[in-house]
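Let's take a walk through this model together, with the sequence and the 3D view side by side. Find a comfortable zoom level and start below.

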Amino acid sequence: MLSRTAENLYWAARYIERADSISRLLEVGYRMSLIPNTNSGYNNEWESILDTSDIKSDYLKYYKELNKENIEFFLLFDDRNNSSVSNCIKNARENIRMVRTAVTLEVWNSINSSFQELQKFTEKKYKSRELPEIIDWVKRQVNLIRGTILNTQLINDGYDFLILGTYFERADFTARIIDVKYFILLPSAEYVGSEIDNFQWSLMLRSISSFRAFKWAYGSKEINSNKIIDFLVLSMMCPRSLIFSIEKINHHLVRLEKFYNRKNKKEIKISRFYENFKKLNVNKILEIGLHIFLKKFIKDLSTFYVSLEQKYFIGIKR
Amino acid sequence: MFNEVYNKDKIRNPYTKIMDWANSLPRNIIVKKKNEAENLFKKIGITFSVYNNFDTSERLIPFDMFPRILTSLEWKRISRGILQRSIAINAFINDIYHSAEIIKAKIIPEKLIYNNPAYEIKMVGFKVPKNIYSPIIGTDIIRTNEKDFKVLEDNCRTPSGVSYMIENREIMMRMFPELFETLKVETVENYPSYLLEILKSLPPKNCSKEPNIVILTPGSLNSAYYEHSFLADMMGIELVQGSDLFVDEGITYMKTTKGPEKVDIIYRRIDDQFIDPITFDETSLIGVPGLFDSFKTGNVNICSAPGSGIADDKAIYTYMPEIIKFYLGEEAVLENVKTWRCYIESEKKYVIENIDKLVVKEVHGSGGYGMLIGTKASKNQIEIFKKKIKSDPDNFIAQPIMSLSSVPIFSKKILSPRHVDLRPFCLIGGNRKNKLVSGGLTRVALKENSLVVNSSQGGGVKDTWVLAE
């Protein structure tokens, strides 16, 4: 497979995942605006949404203040924001268009028609009250696209690159979501079990759409920060936990090595990383410090990306 | 003007069944089917992009559902004619870059060759595989009456449109399967496999194994990108961009996830000047440094060969009957359109005196640009062109305003005639292996009375049917 094809597949999947993540973040914002008495935390929440997607400075280039409708528009449709949902869909489609022959007709159709349908939202002026409908649409499209990938793609190297894109993006995003709010997960005598904590925790779970899943996994009685950390970082039951993504990344990188018969002397670093990850528990993470742990995680992830890039996307001599 | 459907008030034979069908279609069904066709094109992504406008620039080429029909007898003549031309064109290019017999024989004035921007001095004396320079030739043909098909233009660099030929048929078969039961229509779907066969027959000198073939595209913003990816898909070969290739010690490789992989044959869809920034335009970002060198070393074949454009120039076109005679010893099966060459004094005089009745074209122009239609031009435009011709006569030819034949389209309320042309795609391989599918692309001017069929200027397309015997 052409190196560029591999790279296009990888990025298409990343953008699809990102569209999903951004729309879930917006859902959290939307929920917040429906709950009374959150005025104090209001702007902070919107700010952290911008922080999570790492675009606050971009946003402030174009808008003076943090304002709900502007932020929504910026995250959904603003062309100047490279990670806006519409740009994610456009970019995903453009990446796939460049390698059309590497995906099935179904996959192409699902992405292409998402792109065509997107026009019906972008060609008229954005209205905040349409947000729920738009979020639902994005989630539906993403599930449709992902479904066609899982159901119709040949399980070959191209498939591996698609899945790798998904989980690199997801691991990165989940880590950022936790990191932006890591302080609410720290043990603190003052707030433990307070209303604010509960509310903040539920928002965090919702933003990775794991609120109900958490309840199913841990029962509804004692919600506490350790359990949330465990769930979001270390639970193999949670499809958006860090370990779940790492397991997938490891699996597909190893598969690629085998596929290309490149099992050479060098040990695959990700495998060791994954093994170590499995041995972690919440206390160890808190010992390291949650924030430091997450920063390092994000950094390690980008190192793995660089080696993926060098190995497969550059394509000249190894 | 020749109406392909009606001969006076009588419906011509090949169109009787289709007219019955068209007349029996209820209005609402026509509208419904039109939308259906448009949705299919959109869904498959058959779009073309227009330059200068690249964020929302993808457009659909308007498709008209009324098919253009040719009898097997008519097709036989057309196909004989374009095969003959295509073979002669390759012999001509080969001669031009070797002993130039045709110039020595004083059949073509040498200035038309050596002053021509499409003439590539770096190709002189180089033997291309099997002496085939231009394996894919699109010939633009117009019909002027019951008997006469004339050639308007030869395209032997990177002719496009063949994907529309195939997709138009796909869509017609999907929407109106019943038509294909009543009429026996020759298939066009084997074009990609023919193309692959032809390309395979042209391996470079240093290629002992089954050749590795790729299509080289300028990229996804190019107007014909859909076609490039379509052909790659149908042929099962890689679609590469310049950045996917590199040359190391004269050998061309593509960058793959397994590492570098040798490439033997490149079906290129980028222009000569952009192929290789070292040899040609150094600002080219879409080319491959060292590719021309790799080609001349015999490590890779580039189809069509650089310098092939010398044969599809409008000035050379005027000599096509002589070219055919010179190399094949035959009379041309298909006539040219009468053409005045402005570099000849008497012809220039005629053109200037009769400019309001002529079409004047720049010799190197294409796509309907750089031309003047005398009957439609303003006085001012005519004066400008007269001046241009006088100051640079070599650069202009003129032709009578040809009345292209017409075929109806489904206009808003009624069937309404529109002008059409025809572009079949002829494939010339090594060892006399030539292929031609029975059909071509019919382009149609959608504006009433318009003679401009180019898609960049409001033209549409039709499915083209060659009836089986």
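## A charged network in chain A

Start with a group of charged side chains: E17(A), D20(A), R24(A), R146(A), R170(A) and R240(A) are linked in a network of salt bridges. Keep in mind as you look around that this is a predicted model.

Salt bridges turn up elsewhere too, with 49 of them counted over all chains. A few are worth a visit, and we'll get to them after a look at chain A as a whole.

## Chain A in overview

What is chain A built from? Its secondary structure comes to 15 helices and zero strands. The chain has 318 residues, and buried ones make up 54% of them.

Now think about contacts along the chain. Among the contacts in chain A with a separation of 6 or more, 68% are between residues 24 or more positions apart.

## Salt bridges within the chains

Try the pair R255(A) and D160(A), whose side chains meet in a salt bridge with an N to O distance of 2.8 Å. R255(A) sits in helix α12 (residues 242-259) of chain A and D160(A) in helix α8 of chain A, so this pair ties together parts that are 95 residues apart in sequence. Are the two partners buried or exposed? R255(A) is partly exposed, at 27% relative accessible area, whereas D160(A) is buried, at 0%.

Another pair in chain A is R80(A) with D78(A), where the closest N and O atoms are 3.0 Å apart. R80(A) counts as partly exposed because its relative accessibility is 43%. D78(A) has a relative accessibility of 3%, so it counts as buried. Over in chain B, the side chains of D272(B) and R268(B) meet in a salt bridge at 2.6 Å, N to O. R268(B) is buried, with a relative accessible area of 2%.

## Where chain A meets chain B

Next, swing round to the interface. Here 28 residues of chain A are in contact with 27 residues of chain B. The area buried between the two chains is about 2300 Å², and carbon and sulfur atoms give 46% of that.

How many salt bridges does the rule find across the interface of chain A and chain B? It finds one: R4(A) pairs with D244(B), their closest N and O atoms being 2.6 Å apart. The count of residue pairs in polar contact between chain A and chain B is 10. On the side of chain A that touches chain B, α1 (3-34), α5 (85-98), α6 (105-122), α8 (157-180) and α15 (290-313) of chain A each supply at least two residues. The residues on that side divide into 11 nonpolar, seven polar and 10 charged.

## One helix of chain B

Finish with helix α12 of chain B, which covers residues 320-328. Which of its residues are buried? They are M320(B), I323(B) and I324(B). These three cover an arc of only 100° around the axis, which puts them on the same side of α12(B).

What do the buried residues of α12(B) pack against? Their partners in chain B are α3 (72-96), α4 (101-104), β7 (149-155), α11 (314-317) and β15 (335-336). Just past the helix, look for G329(B): this residue follows α12(B), and its phi is positive, near 65°.

How values were computed
Residues numbered from 1 in each chain as written. Chains lettered and ligands numbered in written order. Predicted model: local features only at pLDDT ≥ 70, side-chain atom pairs only at ≥ 80, totals over all residues. Heavy atoms only, no water. Contact = heavy atoms within 4.5 Å. Buried area = accessible area lost by both parts, 1.4 Å probe. Salt bridge = Lys/Arg side-chain N within 4 Å of Asp/Glu carboxyl O. Polar contact = N/O pair within 3.5 Å; in protein donor to acceptor, adjacent residues only side chain to side chain. Helix = DSSP H or I, 4+ residues; strand = E, 2+ residues; numbered from the N terminus. Nonpolar A, V, L, I, M, F, W, Y, C, P; charged D, E, K, R; others polar. Buried < 20%, exposed > 50% of the residue type's maximum accessible area, 1.4 Å probe, protein only. Arc of directions from axis to C-beta.
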